[in-house]
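Welcome! Here are a few short exercises to work through with the structure open beside you. Try each task before reading its solution.

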Amino acid sequence: AFACGLAGALLVPVNTFATPAELDYILRHSDAELLLLQRTLASHAYLDDLLARHPELARGEPGRARCPDLPRLRALYTLGLDARLGAAGTWDELLASGKDVPEALVSAGADEVRPSDDALIIYTSGTTAHPKGILHLQRAPVVQSWRFAEYMDLVPGERVLTAQPFFWTAGIAMSLGATLAAGGCLVLQEIFEPGAVLDLVETEQITVLHAWPHQEKALAEHPSIQSRDLSRLAKLEPSSPLAALAGVTDDAWSMHASYGLSETFTLVSALPARTPAEQRLGNNGRPLPGMSIRIVDPETGAALPPEAEGEIAVKGASLMRGYYKVDPEMYLDADGFFRTQDGGWLDKDGLLHWTGRLSNLVKTGGANVSPLEVEGALTKYPGLRAGLAVGVPHPTLGEALVLCAVPTPGASLDPDAIRAFLRERLAVYKVPRCVLLFGEGELSFTGNQKIQTGPLREAALARLCEQKVEIDGAVYGDAVYGDGAG
């Protein structure tokens, strides 16, 4: 990543959970010319699968890839490969290819890179079936890395362990960039494993831990947790299940008073983590320097006054160059503001208050999932009249993705079979945690006979509570979810 930045190249970090179809889409859509990959990770055999899908690469030569399905791809090099395999070269060959490049040439090239140059394309799920390519300038990850270091109060010598992936903006800015900007040490695992994480917390004397809520829950419930020394963990959200175990009892540090999105390379608004709790609670911070927030009418786009709730629109220094290969008028208004599809309002003190999604995008375990993508994968499932994905509140995931399935007359559906079908076609985090069966008579329809999503979400939550369904450790219908509100 840093080599691409110095060279002025365009970096496209790829989601390691992506399905083969998603990988091919990203490689083609991004016009990738050079592919750097790891041969295997967990159950994934990335190189073997790629060569099996594209025989032209299996028959090719390193540096001379010729594949009609990936027309721009010219070279690929693989970590963990001992000898050439088709068009795939080894990591040693990649390093050797630069040995005759003079240092003066490298420096001269780096001198031409500007903050306004294109730097990264981040692919993330949106409201369309395909992931969106978010094109960012060089300045975005740099500015946001320094911001996170400052706002999180990171200091030289900080020891940061992260489970955040580096293919999305939070991992790049909040974990990788901020730690290095502060002069800290970053500690990594290839695959998240709770016991090994706890080992690292102790042996590496970790002071900051970045993990998703469901991962923190797994750590707090690990059988060995009571014998672990977490005393060095000082910067923890007080709501974390690890807080009390680490001796954190006061609400003295938190980044919850913030708001951001992939299109702005994370933070748009925030309050420093050391801001007194009474000032942080109930808001999402102030617009950061160089960023502007406007609340607009979702229908007309007209700007709304303070205290009026509407759609959050943003622009500024870290806003994306744009969606790759999408005309700017498709996502920017006449004043250059990006319409976020998030609801909220600004109070008279300039603090932002986020109220939720206006679109049907589901954010689960830190990842965005498009219901359209899930539903599209089910179009040919036998016996299914309709399958609609909705998000219901969940204490650690934020939202749990639930599929509401309606069988065709006379057909019977197996929820486990539906999930198994989707696991073969979608990344694991896009597979619904639960499948609920509904009859047509239980649904609400619009005037043109479309199923209404709002009532369906309420019906799904009510069904989960009624049946006391457990999703990732949370039981619906107990004291937490008994009122149906989550």
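**Exercise 1.** At roughly what angle do the axes of helix H2 (residues 20–29) and helix H3 (residues 46–53) cross? Find the angle, then name the arrangement and the residues in contact.

*Solution.* Keep in mind that this is a predicted model. Start with the axes: those of H2 and H3 cross at roughly 75° and come within 11 Å. Next, classify the angle. Angles of 65 to 115 degrees count as roughly perpendicular, so H2 is roughly perpendicular to H3. Now look at who touches whom: H2 contributes Pro20, Leu23, Asp24 and Leu27, while Tyr46, Leu50 and Arg53 come from H3. Finally, sort these residues by character: 5 are nonpolar, 2 are charged and none is polar.

**Exercise 2.** Is Cys67 buried or exposed? Decide for Cys185 as well, then look for disulfides.

*Solution.* Take the cut-off first: buried means under 20% relative accessible area, and exposed means over 50%. Cys67 has a relative accessibility of 3%, so this residue counts as buried. For Cys185 the value is 29%, which makes that cysteine partly exposed. As for disulfides, a search of the whole structure finds 0.

**Exercise 3.** Where does Glu103 sit, and in which helix? Work out its exposure and how far away Ser292 is.

*Solution.* Begin with the helix: Glu103 belongs to H6, which covers residues 103–111. Then check the surface: with a relative accessible area of 61%, Glu103 is exposed. Last comes the separation: from Glu103 to Ser292 there are 189 residues in sequence and 41 Å in space, C-alpha to C-alpha.

Methods:
Residues numbered from 1 in each chain as written. Predicted model: local features only at pLDDT ≥ 70, side-chain atom pairs only at ≥ 80, totals over all residues. Heavy atoms only, no water. Disulfide = S-S within 2.5 Å. Buried < 20%, exposed > 50% of the residue type's maximum accessible area, 1.4 Å probe, protein only. Axes fitted to C-alpha atoms, helices over the stretch in contact; angles between N-to-C directions. Helix = DSSP H or I, 4+ residues; strand = E, 2+ residues; numbered from the N terminus. Parallel < 35°, antiparallel > 145°, perpendicular 65-115°, else oblique. Contact = heavy atoms within 4.5 Å. Nonpolar A, V, L, I, M, F, W, Y, C, P; charged D, E, K, R; others polar.
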